[in-house]
Amino acid sequence: MASERLRTRTVWPIIVLLLAIVLAFFTIRVLTDAPNIAAGVVPEDGYERRYAEHPLIAYAHIVPGVIYIVGAPFQLSRRFREANVHRHRLLGRVLLPAGLLAGVFGVAFGVPYSFGGITEATAAAAFGSWFVVALLLAYRAIRAGDVTAHRRWMIRAFAIGLAAGTIRIWIGLFQGFGVLSFEDSFGPAFWLGFGLHAVVAELYLARRPGVGREVVRTA
Ligand code: HEM
């Protein structure tokens, strides 16, 4: 019980911090791109240019991604779920397609137009696919009435989605300590950010084989 409380006290603040980072970069992205796209201007800067040149693919990733990442914590919160079983199902019908779109278009943008070259592109392909597979398996599990498997796959998917925030921290660290240039930091940051989250999710689930069993009432 005490370790459960400690987990709640540490995990949720980390989730909120990473969400805040994602939302901050989302806001900067929109404020940067909107004037360029509205005026039909393609900036010279190599980083910004891809978003102005391919806004449909970029925003078909970013907008559903933000919807998914803001809504998913409610779905994962036991308190919310148990008090709002009907809302959990309704929200799931929005968040699942949003997550799938974010994953598919993350790959569609990140593979051909990656700023960090082949290293970033391979990470986008690998973890974008893992994210989509986890969401699909979570859906298949709940259709089969397997709440435990549903919740465990959703935790895996959310861990990958939340790495969108951790990646920005790695990019900041690489640049802040002068280890890598802005461009060169993208590939390693993608692998470290996604990889770390995938591993932490597996460790979390391995130590809690009962995760999901407590929520049978949402089935
Ligand atoms: C589901 C939660 C996610 C959210 C909210 C999200 C959000 C964002 C945002 C706001 C950006 C723009 C970043 C910036 O301007 O600094 C971005 C870029 C990107 N995201 Fe995501 N993302 C998510 C998941 C993913 C996943 C699972 C992948 C894996 C394919 C991915 C791949 C990418 C790529 C490749 C870029 C472009 C990076 C670049 O400029 O080279 N994202 N995302």
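In which kind of crossing, left-handed or right-handed, does α7 pass α8? Keep in mind as you turn the structure that this is a predicted model. Looking along the pair, you will find that α7 passes α8 in a right-handed crossing. Helix α7 spans residues 147–176 and helix α8 spans residues 182–207. The two pack at an angle of about 145°, and their axes are 7 Å apart. The residues that make up this contact between α7 and α8 include 21 nonpolar ones, along with five polar and three charged.

From here, let's move to the ligand. Both α7 and α8 appear again, since each supplies at least two residues of the shell around the ligand. The same is true of α1 (2–39), α2 (46–53), α3 (55–76), α5 (85–110) and α6 (117–143). The largest share of that shell comes from α3, with six residues. By type, the shell divides into 18 nonpolar, six polar and four charged residues.

Now zoom in on the residues that come nearest. There are 28 residues around the ligand, and the nearest of them are Arg29, Arg50, Tyr51, His61 and Glu120. Three of these names are worth a click, starting with Arg29: an N or O atom in the Arg29 side chain is 2.8 Å from an oxygen atom of the ligand. For His61, the ligand partner is a nitrogen atom, 2.8 Å from an N or O atom in the His61 side chain. Finally, select Glu120, where a polar side-chain atom lies 2.7 Å from an oxygen atom of the ligand.

Methods: Residues are numbered from 1 along each chain as its sequence is written. This is a predicted model: local features need pLDDT of at least 70, side-chain atom pairs count only at pLDDT 80 or more; totals for chains, interfaces and linings use all residues. Side-chain values use heavy atoms; hydrogens and water are left out. Axes are lines fitted to C-alpha atoms, for helices over the stretch in contact, and angles run from 0 to 180 degrees between N-to-C directions. Helices (H or I, at least four residues) and strands (E, at least two) are DSSP runs, numbered from the N terminus. A crossing is left-handed if the near helix is turned anticlockwise from the far one by less than a right angle, and right-handed if clockwise. Ala, Val, Leu, Ile, Met, Phe, Trp, Tyr, Cys and Pro count as nonpolar, Asp, Glu, Lys and Arg as charged, and the others, Gly among them, as polar. A residue is near a molecule or strand if one of its heavy atoms lies within 4 Å of it. A polar contact is a pair of N or O atoms within 3.5 Å; within protein, one must be able to donate a hydrogen and the other to accept it, and residues adjacent in sequence count only if both atoms are side-chain atoms.
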